[in-house]
Amino acid sequence: MELALVREDVVMIKGSFIERVAAERGILPRSQELPPEALWDPTSLIQGLMRAGDHPVPFLVSVSYCWLSARHPDPDGFQLQILAPLLTAFAKWNRISTSHIAVFLDWCSLPQEPRSTNDAAAWIRAMQHVHLWYAHTTTSVWLLTRVPDGVTPYGARGWPQFEKSISGMVNPSASVLDMGMLRPGWVSWGQVLHDCRVKPSPPVAPDAFATELLRKAFTEDTDRELLGRRFGEVFRGAVGCAELLQYPALRWSDREAVRIAKLLPLCEACKELELQQNDISNKGAKALQLALSQCPQLERLALWGNCIEHDAQESLLQSWLQAGKSPVGLEMGDQRKPVPQVMVDTSGPSGRANAGLFSPKSPNKGSFPMSPAAARRSADELAALQMAELGARQAAFEARLHVAINRISTTLGEVGDAVGGTPHGTSLGSTPHGSLAGWGTPQLLSPMQPGPLLSPVNPGARGLLASPSARTPPGVYTPERVAG
């Protein structure tokens, strides 16, 4: 990444320039036509990234989006008008100006046609490492998945699919945001985080991804082979060579467990696999059991806090021992009962879901039929459902409260700046990622300060890139897990 910046094969755009062009209702120029004030100086950029501190300068943002025409990716400024307000809100949330955001946007960051001889050479070099801008742990990736009517959707295109897949493979989930999920009328970055965080999913095997690319749209057919090759390289570096794979507390079910089981033979260096505190039941455990014979290097498998029944646990243990593995390496601990699915009645007087979602019977017409087994839910199951509803309400309340506190803190910081009592960016109650960050509130981790979301109930909760030395003990669940 540093070499590409020094050679100027790739240039990073200042968020303030993007903001200004959007305010003027213009469109972004191609890379070769950018004015000097739009560009980050490579030396300053690299030094800023290496600088220690709570507020590294700059923040790196890579934008994944669709080209809306062959001559210009955004000829009418449709996507620019989506991107600019996001940059403004992101800067305000992190107590910086938009000039401290470095944006990778391929139209502006890479040499475009028509290219000179030097431009063509820079383009070829940049393509060799193009995946780094979406797969690097220091970047936040924003997916602009919303397109105008009548345009090929984001999910049907090859390049956007590649960018989304590799960013989810490497980056913490809080650093990948699908802006197409953002509800209209949003006013703060807290709402962006609440709506747009991408749920992590198991990595895709290189062969499966290459097959998937066959169904995607490309302007240049040669790009299909290029992206398949680049994806394989990223997979082998990030997953295939990793000794520890961590996927705890992601609300993964048997579907994800089966996908992980199919990937395990490709993870030749994996010694530890953490799948604790998910929703894996007997089917997922069986898939993992069948994969053990192909994973001689696997020494530890954490499955506690899932929904695996006693007989399935015993069968898994026998296969684990038959594979010559130490019994202490299989961590199953306490398991729990799966929360039954909620039967939703949509026949209320105004067509909305009935408020009595947790009743085993519904007197309203048009409700989904209830099986005898569902009608005989035990008191424990109903209590679990009610607890899930309370947890969801609590999380929503905490998010709204966090947004309100952040607004107050921002106002106080601006007042402090005005009177000279508080330097900009150091208002009371602020943190590197927002003001008074607390339990139940999704946060975007600083690119240079990746870390977990902590809960007062579960201070050991960790994300995908957490240290293995801080694991949550069995039987402890966060409100987010209950609300899932």
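Which residue in E5 is the bridge partner of Trp 142? Hold that thought for a moment, everyone, and thanks for coming. A quick reminder before we look: this is a predicted model.

Back to the opening question: the partner of Trp 142 in E5 is Leu 177. That contact belongs to the pairing of E4 with E5, which runs in the parallel sense over 3 bridges. E4 has another neighbour as well. Strand E2, residues 59-64, pairs with E4, again in the parallel sense, and here there are 5 bridges. If you want one residue pair to click on, take Ser 62, whose bridge partner in E4 is Val 141.

So how covered is E4 itself? Strand E4 spans residues 139-143, and 5 of its 5 residues are buried. Please rotate the view and look at the two faces. One side carries Thr 139, Val 141 and Leu 143, the other carries Ser 140 and Trp 142, and all of them are buried.

Now let's move on to the charged side chains. How many salt bridges does the count come to? The total is 12, and I'd like to walk you through a few of them.

Let's start with Arg 30 and Glu 33. They form a salt bridge in which the closest N and O atoms are 3.0 Å apart. Arg 30 has a relative accessible area of 15%, so it counts as buried, the cut-off being under 20%.

Next come Asp 195 and Arg 183, where the closest N and O atoms of the salt bridge are 2.8 Å apart. This pair links distant parts of the chain: Asp 195 sits in helix H9, residues 189-196, while Arg 183 is in the loop between strand E5 (176-178) and H9, 12 residues apart. Asp 195 is buried too, at a relative accessible area of 12%.

Then there is Arg 230 with Glu 233, a salt bridge whose closest N and O atoms are 3.3 Å apart. Both residues lie in helix H11, residues 222-240, and they are 3 residues apart, about one turn of the helix. Is each partner here buried or partly exposed? Arg 230 is buried, with a relative accessible area of 9%, whereas Glu 233 is partly exposed at 34%.

One last thing for those of you who like networks: Glu 272, Glu 274, Arg 300 and Glu 331 are joined into one network by salt bridges that share partners.

That's my tour, friends. Happy to take questions!

Terms used
Residues are numbered from 1 along each chain as its sequence is written. This is a predicted model: local features need pLDDT of at least 70, side-chain atom pairs count only at pLDDT 80 or more; totals for chains, interfaces and linings use all residues. Side-chain values use heavy atoms; hydrogens and water are left out. A salt bridge is a side-chain nitrogen of Lys or Arg within 4 Å of a carboxyl oxygen of Asp or Glu. Buried means under 20% relative accessible area, exposed over 50%, partly exposed in between (1.4 Å probe, protein chains only). Helices (H or I, at least four residues) and strands (E, at least two) are DSSP runs, numbered from the N terminus. Two strands pair if DSSP finds at least two bridges between them.
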